[in-house]
Amino acid sequence: MVEKKIPKATARRLPLYYRYLRFLHEAGKNRVSSAKLSEAVKVDSATIRRDFSYFGALGKRGYGYDVEALMNFFSKTLNQDRLTNVALIGVGNLGQALLNYNFRRSNNTRISAGFDINDKLIGTIHQGVPVYHIDDMVEQLDLQQIDVAILTVPSEIAQEMANKLVEGGVKGIMNFTPIRVNVPESVRVHNVDLTNELQTLIYFINYYQELDDAEEEVILDEDTGELFVED
Ligand SMILES: NC(=O)c1ccc[n+]([C@@H]2O[C@H](COP(=O)([O-])OP(=O)(O)OC[C@H]3O[C@@H](n4cnc5c(N)ncnc54)[C@H](O)[C@@H]3O)[C@@H](O)[C@H]2O)c1
């Protein structure tokens with residue numbers, strides 16, 4: 001197999017092209033001119049033509065690009081066809097809400113297995129997703145080639161579960177528990193905290209309301225980086 005090297009800058013722009021092509025496809029568009037594409041993705045048309053040239057002649061003069069063909073092509077190149085299975089650890093209130101949602105807007109990400117210790121849940125299927133006993137987790141992660149997990153267990157066992165996930169070879173954990181879990185550097189953890197988000201929102205509402213009410217000049221303190229309103 002001949003492997004073609006493409007410049008990193010070109011590779012970085014591919015998701016941009018792909019996203020826009022998908023948008024056009026979903027809107028029922030069959031073709032797109034290079035000028036339109038250039039305007040939408042904010043990349044000049046000469047660069048687009050050069051980028052595309054690494055993948056062979058994809059456009060036709062006077063016709064533009066075939067949206068579906070191009071989209072399928074980039075989809076393959078970007079590995080978008082590969083489905084990412086995600087494990088859900090803890091199928092309680094929050095876990096079940098996430099199962100009901102199950103990332104419907106994504107074509108390539110879905111929760112494929114839930115794990116819990118509750119006998120009422122084990123062996124059942126929620127929204128098409130089987131719930132296994134937590135003792136089967138390491139085995140299932142391997143069987144289903146799962147690299148990513150969502151952690152929605154009680155905080156007291158968050159670290160223990162994180163250890164188990166590391167043992168099972170996951171590379172990423174989306175952590176909903178309030179505990180900051182310790183994992184090896186090779187594993188990525190994203191902490192999601194709705195309380196934090198809400199409080200930040202409330203802070204901004206109050207803060208900007210105060211600024212609007214004051215209608216005075218806003219001063220930036222360059223030493224501290226703080227903004228304040230002059231009386
Ligand atoms: N980040 C946020 O914004 C946010 C919001 C709500 C809840 N939470 C957190 O999410 C977590 C779950 O909250 P919840 O309301 O869904 O709780 P819950 O009690 O309804 O669900 C927890 C589930 O974990 C299961 N479980 C307990 N021990 C287990 C084990 N050893 N192995 C596997 N499963 C086990 C329980 O059986 C239960 O089904 C908590 O840590 C909570 O603090 C975070």
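In which sense do β9 and strand β10 (residues 188-191) pair, and over how many bridges? I looked this up in what is a predicted model, and I noted that β9 and β10 pair in the parallel sense over 4 bridges. For the register I took down one residue pair, in which Met-174 has His-190 of β10 as its bridge partner.

I then turned to the other neighbour I had listed for β9, strand β8 (residues 148-151), and found that β8 and β9 also pair in the parallel sense, over 4 bridges. Here I recorded that Leu-151 has Asn-175 of β9 as its bridge partner. Following the chain, I entered β8, helix α7 (residues 158-167) and β9 as a β-α-β unit, which is right-handed.

Next I asked which residues of β9 (residues 172-175) lie on its covered face and which on its uncovered face. I wrote down Ile-173 and Asn-175 for the covered face, and Gly-172 and Met-174 for the uncovered one. I kept in mind that side chains in a regular strand alternate between the two faces of the sheet.

Last, I went through the surroundings of the ligand and noted 23 residues around it, the closest being Gly-90, Gly-92, Asn-93, Leu-94 and Leu-194. Sorting this shell by residue class, I have 13 nonpolar, 8 polar and 2 charged residues. As for where the shell comes from, I noted that α5 (93-101) and β5 (109-116) each supply at least two of its residues, and that the largest share, 3 residues, comes from α5.

Conventions:
Residues are numbered from 1 along each chain as its sequence is written. This is a predicted model: local features need pLDDT of at least 70, side-chain atom pairs count only at pLDDT 80 or more; totals for chains, interfaces and linings use all residues. A residue is buried if 20 or more other C-beta atoms lie within 10 Å of its own, exposed if 12 or fewer, and partly exposed in between; C-beta atoms are placed from the backbone. Two strands pair if DSSP finds at least two bridges between them. A crossover is right-handed if, with the strands pointing away from the viewer, the path from the first strand over the helix to the second runs clockwise. A residue is near a molecule or strand if its C-beta atom, placed from the backbone, lies within 6 Å of it. Ala, Val, Leu, Ile, Met, Phe, Trp, Tyr, Cys and Pro count as nonpolar, Asp, Glu, Lys and Arg as charged, and the others, Gly among them, as polar.
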